[in-house]
Structures are given as C-alpha cells and as structure tokens.
Amino acid sequence: MESGRKQLKKIKEKLPVTGPQAASVPELLQWYCYHTNTHGCRRIVVSKGRLRRAAWMILTLSAVGIIVWQCALLIISYYTASVTITVQFQEITFPAVTMCNVNPYRNSVTRHLFEKLDQETLMAINELYRLTDNPNNSHVKALHQIAINNQDNILSPNIPLLWIGLVTQEYSIVSDLITKKWHRIDSTVKIQSFESINMQDRTNLVGFQLCENDNNENSTCIIYTFNSGITAIQEWYRLHYLNIMAQVPHQTKLQMGYSADDLIFSCLFDGLPCDSRNFSLMHHPLHGNCFTFNGGENGSILRTIIGGSENGLKMILHLDENEYNPYLVTSMGAKIVIHDQNEQPFVEDMGIEVQTATETAMGLEMTVLKRLSSPYNNCTVDGADVPVINLYNKTYSLQMCLHSCFQMEMVRSCGCGHYEKPLPVDAKYCDQKKYPGWTFCYYRLRSQFIQEQLVCQKTCRPACHSKEWTMTMSIAQWPSSASEEWTLRLLSWEKGLHGNRTLKKNELANLGIFYKDLNQRNISEIAANNIVTLLSNFGGQLGLWLSCSVVCIIEFVEVFFIDMFMIIVRKVMQSVHKWWQNEQEEVPPTVSNTTHGSPVYISDEDPPTFNTALQLPRAHVQDTLPPTYETLHIQSSFGPETSTMESCKH
C-alpha cells in the first residue's frame, strides 16, 4: 500500500503544473502568467529579450499603482461623512455708469451758431400750419395751375424742406417751406419714404431733397418723406446741426457743453459722499459732454459688498430747461448707460432715458457670458481676426465693430467721415461746404446698412466674452407734493441761487443704481465632446465588447505593428539576400485532399496534427522475408564457432 502511494506521488510530480498543484511559488507564478487574462503579466513572461520584459514589468506595475491609488481615493471619499459649510461675503465689481444730458450744448452759448437755422425752422413750421388747413378741391386745382406755369426742378444746395402737395405719374407739386415758393418736379426726381413704409397717398407729407452733386444739373436727386411732420423737421434740423458742429473746434465744443458740477447736483456711493472728481469726461458728438462714474481711468475700480436700494450709487441730476434747444430735442431728461470699464458706452444705441421730476431706481443683475470660439461659435475672442479697424480704442464689441465698419465705408464711398463717429487716420468730417453731396451719400449708405446690404453685418461678429447687466426699473414721483416746497428751496440754496430764482422739479431727476443682490450669474459654454470624452467612449466600447484595456492596446501595437514589421523586414532582407546570391527556392508540392495517402507538405514551424498525420504517405514495404536469427548472432573473435541451433539448445 505504501509503495503504491509513492508511485502515485512520482506520477503526479511528472505531470504538468496546473495552478495550486505547483510545487513552488515561482512555478505557481509562472503558471499564472501563462494562463491569466491580465495581458501585462503574460507579456512579462512570454516577451523575448530583457528590454521588453523590463518595459512590460514597469508598465504593469505602474498600472497596478494607479489602480490602487484611485481605488483608495474612492474608498476615502465614500466613507467621508464630514460636511463643510462656508459663508462668504462676496465683493462684486461695480459697473461704469455714463450719463449725458439729452440736450448736448447750452443754448445760451450756441445761439449765435444756430440763429439763422432757428429762424428758418420757425418759418417752416408756420408755413406748414398754413398749408395743412384742410385743402379743398379749389386748392388742388390751384396746384395743377402751378404745375402748368412752373416747369423748373429743385436743385437747391441748402437741403430744402418741402411739403408734398400733389403727386401724379408725370410730375409732382411741392412747396419750399422756407422760401414759400411752389415748384414742379418731373418724374426723374424720386419721392422715397424714409421709414421704408409704402404709402398709398403720398400727398400732404413733409420731407427734404438730397442730391448726389449740388453743382451738377444732371445729378440724381431724391426727396425723402416722413409720416410725421415733427420727425421730418427734426431730421432736417439735425442735418444742418451736424454741418455746423463739424466746423467747430473740439476745445470750443467742450466749453459749450455742460460741466460735471452743472449736471451732477449731489452724489453718494455706498453711503460715502462723492463729487465731480469721481467722474471722467467723455465728449459725445450728439450728446455733448458726458461723464462716467467708476470708469477705471486711474487703475482703481470700485467694488460693492452690500446689495439693496439703500446702497450703490445715488445722484441728483440738474437739467436746466432754460438751456434746451427747442428744435434739436423735444424731450427732457438724461441718458444713462451701464457698461464695463473697458467697453465703449454707445449712448445713442444703449442709452436709457431718465425722466425728470421722478425718482428712478435701477436694480442690476450681472451676467458673465463665455462662449466657445470656432468651430463651436462664430464669435471672436479679442477682434484680432475681424478685418475692421477699431476706431474707439476700447475692448472689442459687436456695436464697436458695426460703427467702425460704417465709418470706414463712408470714408471710402463719400470721401469724408460722419460727425457722430471717430475718424480714421487722415480723414476729415463731412460738412456741406467741403463735401456738398455727403448727405445724399450718407442716406444711401444708411439705407443699405439698415437693409443689411453692406459688408458690416457679415464681417462683424459678436465677442466670445462679455458682461451684461439686466436692469429692473421703478419710477416714483419726486419730490412729493408735501415735500416739494422745502426740498426745492433747500436745493436752490445749495446750488447758490439767490433772490426769487428757485429750482423747479421739472429740472431735477433723482437716480439710484444698485445691485439687487451680489449673485453673479455665469453662463459658459463647454464642448460636449472633447478628447477626454472621446477616449472614455473608446475605452467603454472596447471594454464592453472586447474586454480590452490600455495594456491590451499596447500589446496589440507591439504584436501587430512592431513584431509584424520586424518579420516583414526580416523576410525582405532574406529575399534580397537570396536574390543577391542568385539562389532559387524550390516550390513545395501542393496539398491535395482528394485521397488518403496523397503527399502533403508540412512546414517545419507548424507541428503536425492528427488530421495531417492521417494524410502522410505510407512507408514503402519491400516484398522480402525477414532475416533469420542466425544472421543476427554476434560473432566473437576469440571463442569457437557454434551454430545457432546449438546455442538455442543450451
């Protein structure tokens, strides 16, 4: 029994090692490396060469270390039960606030410039009142009689203000509201609505005539009409106003405008007093002297740590109605623009009017927008890739690009720049004396710009990074009827007014600008697909369907790229070597599976299988008798010769 156990033990020792039956730890590890699905461990054993084995060992150990580290972090995070509560009072940057008087210049110092224009405007208004007193049939007949007697077309260089009395297919009858003369114009002079509204009845409209070249009788002329007489007169007055102000020196215009002390009556920021020294001057062509609070010119930007209507910026503005131009503006108040310190305040586009005799509260909410650039959005980071010159020397914005582009187009097409926009290098402002046809060119470009026929809308792109302030406005009567008397007297005394002159509530505006809360809203765009997501998706698909990992991919690259490349190179080198020695290799016989015993070629590198062994040819057997035992007997050199039969007997 004991001997049988020993024999069984010897037989087991001679069997191949399989897992736990290994006799030693190295054999167990060797068996594991040969049979495991972990690619790195297997490659450490089967790889040929010390360098490859060392590389696979380092790679596998590194992967194991990363897995242990990540799993430890996950376990620590899972068992962490502590909670951290942080209370933080956030300081948020207060925006820049630019304010302008609706009336750009004091009428007392500009009256001499616009005296003749004001007289002609008053005459035109009186004439318009007379002509619009319910015309009857006899009035229409009189207009036809004027058409028969008068055959001239109007080609006045002074941009005449006209009243359209009669329109037919052959001619039109218009009246010059300044000279009070009737004129007949033929169909070559177009009558176009400025508001781009098709009117069935184009009579009893007010407009003005613009010609491409006032000095040429054959120049193209257009009469621009308006649905409202007030709008027509204001637009006509504004054209002459721009012609006059374009000839006034810049320093003179600064002196004609309002000062900070004239506009700002009192100021408080977060409960602390402020004055005109906290405001910076910005001259606007259409709004005169404007003033910016917290513009950051000195490098310091104010912040606020408390929200609510009792904090922020509080001001009382003084808007002297006696200094208002009666024809340039018909409203009274101030314009406010909330913007970033590095942005240009476009008062004419984004200005919010503040009403007098009221207290206006503006609650702000700041939103920071961050868009992704190309290929996700058609936005620009800093405007460097937009082929438009920045004429404002401020941070890029869409409005800045559109205004700069329009000014560049006007300089290129009209030969001069518009008065309300900055000038490019070596350009001059337009005026009627130097450039007689600039108004015709300007309105033609303006119409193309509104209809998006210029290149500006296609060239300019929005900025990727921007800040926006959402405003919630509330208005209350100020001062109240109960406090009006003593409030106005006290403010008049502070203003330095003596005697019977006291301020009126229609000249004052109370303004408060504050953050509703200190919550800053950030809107950011994140790419839905990036390199991390792409690799994660690849890893998930490979792991799900092929149980493949990074180590498996490296193994695949090693086998099918490096090793295969080396094999191909070796084969090519062998072929080149054989060709160089002019050796030809015999073609091996083809394999035939038709009958048993047909010849089969088996490569030395492939071990034979059972099926291939059945196809091997049979050994050739000769038809001869086997040898006798006597022939197999060994003859001795020293003993006597004996026969085979005798040896068998013994």
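This is a short walk through one predicted model, from the whole chain down to a few single residues.

Hi everyone, thanks for coming. Let me start with the overall picture. The protein chain has 650 residues, and 36% of them are buried. Its secondary structure comes to 19 helices and 20 strands. If you like contact maps, here is one number for you: take the contacts between residues at least 6 apart in sequence, and 70% of those join residues at least 24 apart.

Now to the strands. One group to look at is an open sheet of 5 strands, and the order across it is β11-β12-β2-β15-β16. The pairing in this sheet is antiparallel. Which strands stand at the edges? They are β11, residues 279-284, and β16, residues 352-355. Each has a single partner strand, so one side of each is left without a neighbour in the sheet. Going from one strand to the next, the twist averages 30°.

Let's zoom in on one end of that sheet. Strand β15 covers residues 333-339, and 4 bridges join it to β16 in an antiparallel run. If you want a landmark there, find I336, which stands opposite I352 in β16.

Another pair of strands is β3, residues 161-167, and β7, residues 205-211. These two are antiparallel as well, with 4 bridges between them. The landmark in this case is L162, facing G207 in β7. Strand β3 is mostly covered, since 6 of its 7 residues are buried.

On to the helices, and here I'd like you to keep an eye on α13. Helix α12, residues 398-414, and helix α13, residues 438-450, have axes that come within 10 Å and cross at roughly 140°. That angle makes α12 oblique to α13. The handedness of this crossing is right-handed.

Which residues make the contact? From α12 we have L402, F406, E409, M410, S413 and C414, and across from them in α13 are W438, C441, Y442, L445, R446 and F449. Sorted by class, that contact holds 9 nonpolar residues, 1 polar and 2 charged.

Helix α13 has a second partner to show you. Helix α8, residues 229-245, has an axis that comes within 12 Å of the α13 axis, and the two cross at roughly 120°. These helices are therefore oblique to each other, and their crossing is right-handed. On the α8 side the contact uses E235, L239 and N243, while α13 brings W438, T439, Y443 and R446. Here the classes divide into 3 nonpolar, 2 polar and 2 charged. You may have spotted two names coming back: W438 and R446 of α13 meet α8, and both also meet α12.

Next, the loop between α12 and α13. G417 lies in it. Is G417 buried or exposed? Its relative accessibility is 0%, so G417 counts as buried. Setting aside neighbours within four places in sequence, G417 is in contact with Q407, V411, L423, K428, Y429 and C430. For a distance you can check yourselves, G417 and F406 are 11 residues apart in sequence and 9.4 Å apart in space, C-alpha to C-alpha.

The same stretch gives us a contrast. D426 also lies in the loop between α12 and α13, but D426 is exposed, with a relative accessible area of 79%.

That brings me to backbone geometry. As a reminder, most residues other than glycine have a negative phi, and most peptide bonds are trans. D426 is an exception, with a positive phi of about 65°. N294 is another non-glycine residue with a positive phi, this one near 60°. You'll find N294 in the loop between β12, residues 288-293, and β13, residues 303-304. Unlike D426, which is exposed, N294 is buried at a relative accessible area of 5%.

Where are the cis peptide bonds I want to point out? One joins S374 and P375, with omega about 10°. P375 sits in the loop between β17, residues 358-370, and α12. Another cis bond joins W478 and P479, with omega about -10°. P479 is in the loop between β18, residues 465-477, and α15, residues 484-495.

That's my tour. Thanks for listening, and I'm happy to take questions.

Definitions and conventions. Residues numbered from 1 in each chain as written. Predicted model: local features only at pLDDT ≥ 70, side-chain atom pairs only at ≥ 80, totals over all residues. Heavy atoms only, no water. Axes fitted to C-alpha atoms, helices over the stretch in contact; angles between N-to-C directions. Parallel < 35°, antiparallel > 145°, perpendicular 65-115°, else oblique. Left-handed = near helix turned anticlockwise from the far one by under 90°. Contact = heavy atoms within 4.5 Å. Nonpolar A, V, L, I, M, F, W, Y, C, P; charged D, E, K, R; others polar. Pairing = 2+ DSSP bridges. Buried < 20%, exposed > 50% of the residue type's maximum accessible area, 1.4 Å probe, protein only.
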